[in-house]
Structures are given as C-alpha cells and as structure tokens.
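Open the model in your viewer and keep the selection tool handy. We will hop from one side chain to the next.

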Amino acid sequence: MAGGNPGQLAPLIRQAITSDGPLPVNPVATALLKARAAAAAAAPAPTPIGAMPSLAATISGKVFKFPVNTSRLDSLALTFAKEGSARVDLTYYGEPLSVPIGLDGVYRTGPHGPFRLPAGATGKWTSDTEFLLGLNFIANINHYTLAIRFTPEQTIAVTVNEASGLMRNGQLVGTPSL
C-alpha cells in the first residue's frame, strides 16, 4: 500500500470505510469479489519460449559490473541453459543473489531475494541483441524492469525502471568483469 508508506494513506482509508452499521448482505457482489480475487491470484498461462539468438550462448554467464547507481545494482549476469531455463545472478546492495527467470512469461518465485525473502523473474529476448528482464523483489516492494542491450563494444546498456519510483528511465552501462 502506498509504496510502503501506509501512514499517509491509512487515515484516508479509515474515513472512507466508516459506517454506522453493517452493510447489507450482497451474495452477487460477494461471489464476484471471490471470483476476481481467485483470478488475480492465478498464475498467468505460460507462453511458448521463442528461439534464443546466438548471442545468448556468447553472453551466458558473463558478469557485467555497474558503477554506483540509484538502482542499487552492482553487477548482473544472465545464464541460459540449453534446455530453455535461465537465471540472473546479480549483486544488489552488495548482496549476491541468484534468481531463476521464467522465459515463458511466468515468474519463477522463491526465497531468492534480499535476506532470502520471496523474489521472482521473467524475461524474453525482444531482438537479437536485447533482453527484457522483469525482476520482482516481492517482499521488498521493489519491481525492476531492465531493458538490456548488448553492444558491439562488449558492454551492456541498461534502461532501468522501478515500479515504486526508486528509478525511472535510469541509464546504466555495464562493463565485463575481468
């Protein structure tokens, strides 16, 4: 709620839900609410995984380091396995993390985030040289979208957006770790 700041929003919500008595029973609205809650909780259907560009094998496992930045990302490596699985290894706030990536549009979630809290990732190749990564630190409210472009100079140009407003259209350049 409120990007992790319920103190500002809670008084407004309390005012909006004040009532002198209970609301009348409404079985139709109750059923609709339950159906919508179930639909929101359901995982999306997987989509077919497209062919990976040849670049995927070249950059697989290569670590790219970033200068100090407001996204809190220190380094990043994408690893693509032959059977179609992938993961992102990154250093976030100085902490090494490894998060599986759902290449089929479905988050692979688990205790992969900071402090071993829930996190997940999805990703897809949007061109032969660009990969779009969704990285969601669920328990920390941070949800990053990283548009990663692999350059001929062997660096990566990353546009970073973070859902809570921590970073908007941030530009990072990652250089290969030696």
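Select tryptophan 125: at 16% relative accessibility it counts as buried (under 20% relative accessible area; exposed is over 50%, partly exposed in between, with a 1.4 Å probe and protein chains only). This is a predicted model, where local features need pLDDT (the predictor's confidence in each residue, from 0 to 100) of at least 70 and side-chain atom pairs count only at 80 or more, while totals for chains, interfaces and linings use all residues. Residues are numbered from 1 along each chain as its sequence is written, and side-chain values use heavy atoms, leaving out hydrogens and water.

Now add phenylalanine 80, buried with a relative accessible area of 10%. Its ring centre and that of tryptophan 125 are 5.5 Å apart with planes at 40°, so the pair is tilted (rings of Phe, Tyr and Trp, the last by its six-membered ring, pair if their centres lie within 6.5 Å; planes under 30 degrees apart are stacked, over 60 edge-to-face, the rest tilted). Phenylalanine 80 sits in strand S2 and tryptophan 125 in strand S6, 45 residues apart (strands are DSSP E runs of at least two residues, helices H or I runs of at least four, numbered from the N terminus).

Next, pick phenylalanine 64 and phenylalanine 150, both buried. Their ring centres are 6.2 Å apart and the planes at 65°, so this pair is edge-to-face. To see the whole cluster linked by ring pairs, show Phe64, Phe80, Trp125, Phe131 and Phe150.

Finish at leucine 78, whose contacts (heavy atoms within 4.5 Å) beyond four places in sequence include Ile59, Phe131 and Phe150.
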